[in-house]
Amino acid sequence: MPELTSPVVILGAQGCGKTLLSRRLVSLQRTGEHHIPIDADVVPSIGVDISNLPLDKTKTVQIKEVGGAMMPLWPTYLKG
């Protein structure tokens, strides 16, 4: 199983494209396509959405996308 690297946290206001960004990164890695069509059906995250993005055979980045509605809890994710 690949080793998890330090997590990447995506923060931003509601509707700024955090979910679209994380889905495109994962899709780009899986398909190798540099042009990925815009997903019209992207549903904004409520809470935290966690995705794993393999970098190579030995390392994986964990992407934690924190929904804009969770703004009061952001300091919890920024500590340490």
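**Entry 1. Helix α1**

I looked up which residues of α1 are buried, and found Lys18, Thr19, Ser22 and Val26. They span an arc of only 110° around the axis, and therefore lie on the same side of α1. I note here that the model is a predicted one. For the cover over these buried residues, I found that it includes β2 (8-10), β3 (48-54) and β4. I then checked the length of α1, which runs over residues 18-31 and has 14 residues. From its first C-alpha to its last, the helix reaches 20 Å, close to the 20 Å expected at 1.5 Å a residue.

**Entry 2. Overall layout**

I recorded two helices and four strands as the secondary structure of the protein. Along the sequence, their order reads β-β-α-β-β-α. I noted 80 residues in the protein, of which 26% are buried. The accessible surface comes to about 5800 Å², and carbon and sulfur atoms account for 60% of that area. I also looked at contacts between residues at least 6 apart in sequence; 55% of these join residues at least 24 apart.

**Entry 3. The nonpolar core**

Which residues form the largest nonpolar core? I found five residues in this core: Ile10, Val26, Leu53, Val61 and Ile63. Val26 also appears among the buried residues of α1. I followed isoleucine 63 further, leaving aside its neighbours within four places in sequence. Isoleucine 63 is in contact with Val8, Ile10, Ser22, Leu25, Asp49, Ile50, Ser51 and Leu53. Ser22 in this list is one of the buried residues of α1.

**Entry 4. The salt bridge**

How many salt bridges does the structure hold? I found one. Glutamate 3 pairs with lysine 59, and their closest N and O atoms are 3.4 Å apart. The pair links distant parts of the chain, with glutamate 3 in strand β1 (residues 3-4) and lysine 59 in strand β4 (residues 59-66), 56 residues apart. I checked the exposure of both partners. Glutamate 3 has a relative accessible area of 46% and is partly exposed. Lysine 59 is likewise partly exposed, at 32%.

**Entry 5. Two further residues of strand β4**

I placed glutamine 62 in strand β4. Is this residue buried or exposed? Glutamine 62 counts as buried because its relative accessible area is 19%, and the cut-off for buried is under 20%. Beyond its neighbours within four places in sequence, glutamine 62 is in contact with Leu4, Pro7, Val8, Ile50, Ser51 and Asn52.

Lysine 64 also has its place in strand β4. With a relative accessible area of 22%, lysine 64 is partly exposed. I noted its position relative to aspartate 49: the two are 15 residues apart in sequence, and their C-alpha atoms are 5.9 Å apart in space. Aspartate 49 is also among the contacts of lysine 64, which include Pro7, Val8, Val9, Ile10 and Ile50 when neighbours within four places are left aside.

**Entry 6. Serine 45**

Where is serine 45 found? I located serine 45 in the loop between α1 and β3. Serine 45 is buried, with a relative accessible area of 17%. Leaving aside neighbours within four places in sequence, I found serine 45 in contact with Thr19, Glu65 and Gly67. Thr19 is one of the buried residues of α1. Finally, I checked serine 45 against valine 66, which stands 21 residues away along the chain; their C-alpha atoms are separated by 7.6 Å.

Definitions and conventions: Residues are numbered from 1 along each chain as its sequence is written. This is a predicted model: local features need pLDDT of at least 70, side-chain atom pairs count only at pLDDT 80 or more; totals for chains, interfaces and linings use all residues. Side-chain values use heavy atoms; hydrogens and water are left out. Buried means under 20% relative accessible area, exposed over 50%, partly exposed in between (1.4 Å probe, protein chains only). Contact means heavy atoms within 4.5 Å. Accessible areas come from the Shrake-Rupley method with a 1.4 Å probe; for residues, only the protein chains shown count as cover. A nonpolar core is a set of buried Ala, Val, Leu, Ile, Met, Phe, Trp, Tyr and Cys residues joined through side-chain atoms within 4.5 Å. A salt bridge is a side-chain nitrogen of Lys or Arg within 4 Å of a carboxyl oxygen of Asp or Glu. The expected span of a helix is 1.5 Å times one less than its number of residues. The arc is that of the directions from the helix axis to the C-beta atoms.
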